[in-house]
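Good morning, and thank you for making time for this item. Please take a moment to look at the sequence and the structure on the screen before I begin.

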Amino acid sequence: ISAVRREVKEMGATLVIVDSAAAACGGKPEDAENALKYFSALAKLGDVATLTIAHVPKGGDTDRPLGSVFWANQPRRTWFAERVDNEESDIIHVGLYCRKVNDGRKPRPVGLRITFEGTTGPVLVETEDIRDTPELDARRDKKARVWDALTTPKTIAQLAQEFKEFFPKNAVH
């Protein structure tokens, strides 16, 4: 960490990105001791923002990076990223969902549209309404999705279609 701190100072960096948490933690990332040592080391960087990229268990809890409560509780904020793409397209849609906040109000999800211009061209990153990509919208908080549905003009049939995911398959409506 002392070498990173020196580099940050020399460059005047204001953000340090660590990719990835598992490789940088100095041991088994699922061990609480390694997670705590990692965050203690980051704190020694001083007045610089840090972004640590970590993975969630496959098919598991998206609130806990690396499947550990220590990786979820130590950071001030944790975000989950979801990607939707099509093999036939040069466009990727990304949803960023804040999972935990220690310092204020939880921000709304952020939608990004990433356009690749071939294999060597520029990459264009733009914000977009996350509600425009159904796979990403489905990850939004249910209360927010219900509010959106109820505050825009819709027929009963349209509302029933939007809310069908909230009801068990055998429920009487």
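Which kind of contact do the side chains of Glu33 and Lys37 make? They form a salt bridge, with an N to O distance of 3.1 Å. I should say at once that we are looking at a predicted model. Both residues belong to helix H3, which covers residues 32–43. Glu33 and Lys37 are four residues apart there, about one turn of the helix. Glu33 counts as exposed, because its relative accessibility is 52% and the cut-off for that class is over 50%.

That pair is part of a wider set: over the whole structure, the search returns eleven salt bridges. Allow me to present some others.

The side chains of Arg99 and Asp63 meet in a salt bridge as well, at 3.1 Å from N to O. This pair links distant parts of the chain, with the two positions 36 residues apart in the numbering sense of being 36 residues apart. Arg99 lies in strand E4, whereas Asp63 lies in the loop between strand E2 (49–53) and helix H4 (69–73). Arg99 is partly exposed, at a relative accessible area of 21%, and Asp63 is also partly exposed, at 39%.

A further salt bridge joins the side chains of Asp85 and Arg83, at 3.3 Å from N to O. Asp85 counts as partly exposed, with 42% relative accessibility, while Arg83 counts as exposed, with 55%. There is also a network: salt bridges with shared partners connect Asp129, Arg131, Asp137, Arg140 and Asp148.

Within that network, I would like to consider Asp137. Is Asp137 buried or exposed? Asp137 counts as buried, because its relative accessibility is 17% and the buried class takes values under 20%. Asp137 is located in helix H5, residues 134–137. Leaving aside residues up to four places away in sequence, Asp137 touches Tyr97, Ile130, Arg131 and Arg145.

I turn now to the sheet. Four strands form an open sheet in the order E3-E4-E5-E6, with antiparallel pairing. Its edge strands are E3 (77–85) and E6 (123–128), each of which pairs on one side only. On average, neighbouring strands of this sheet are turned by 25° against each other, direction ignored. As background, the strands of a sheet pair through backbone hydrogen bonds, either parallel or antiparallel.

How many bridges join E4 to E5? There are six, and the two strands run antiparallel. As one example of residues facing each other, His93 stands opposite Arg113 in E5.

Between strand E4 (91–101) and strand E5 (110–116) there is a loop, and Arg108 has its place in that loop. Arg108 counts as exposed, at 73% relative accessibility. Arg108 and Cys98 are ten residues apart in sequence, and their C-alpha atoms are 7.3 Å apart in space. Cys98, by contrast with the exposed Arg108, is buried, with a relative accessible area of 7%.

Finally, a word on the cysteines. Cys25 also counts as buried, at 6% relative accessibility. How many disulfides does a search of the whole structure find? The search finds zero.

Thank you for your attention.

How values were computed. Residues are numbered from 1 along each chain as its sequence is written. This is a predicted model: local features need pLDDT of at least 70, side-chain atom pairs count only at pLDDT 80 or more; totals for chains, interfaces and linings use all residues. Side-chain values use heavy atoms; hydrogens and water are left out. Buried means under 20% relative accessible area, exposed over 50%, partly exposed in between (1.4 Å probe, protein chains only). Two strands pair if DSSP finds at least two bridges between them. Axes are lines fitted to C-alpha atoms, for helices over the stretch in contact, and angles run from 0 to 180 degrees between N-to-C directions. A disulfide is a pair of cysteine sulfur atoms within 2.5 Å. A salt bridge is a side-chain nitrogen of Lys or Arg within 4 Å of a carboxyl oxygen of Asp or Glu. Contact means heavy atoms within 4.5 Å.
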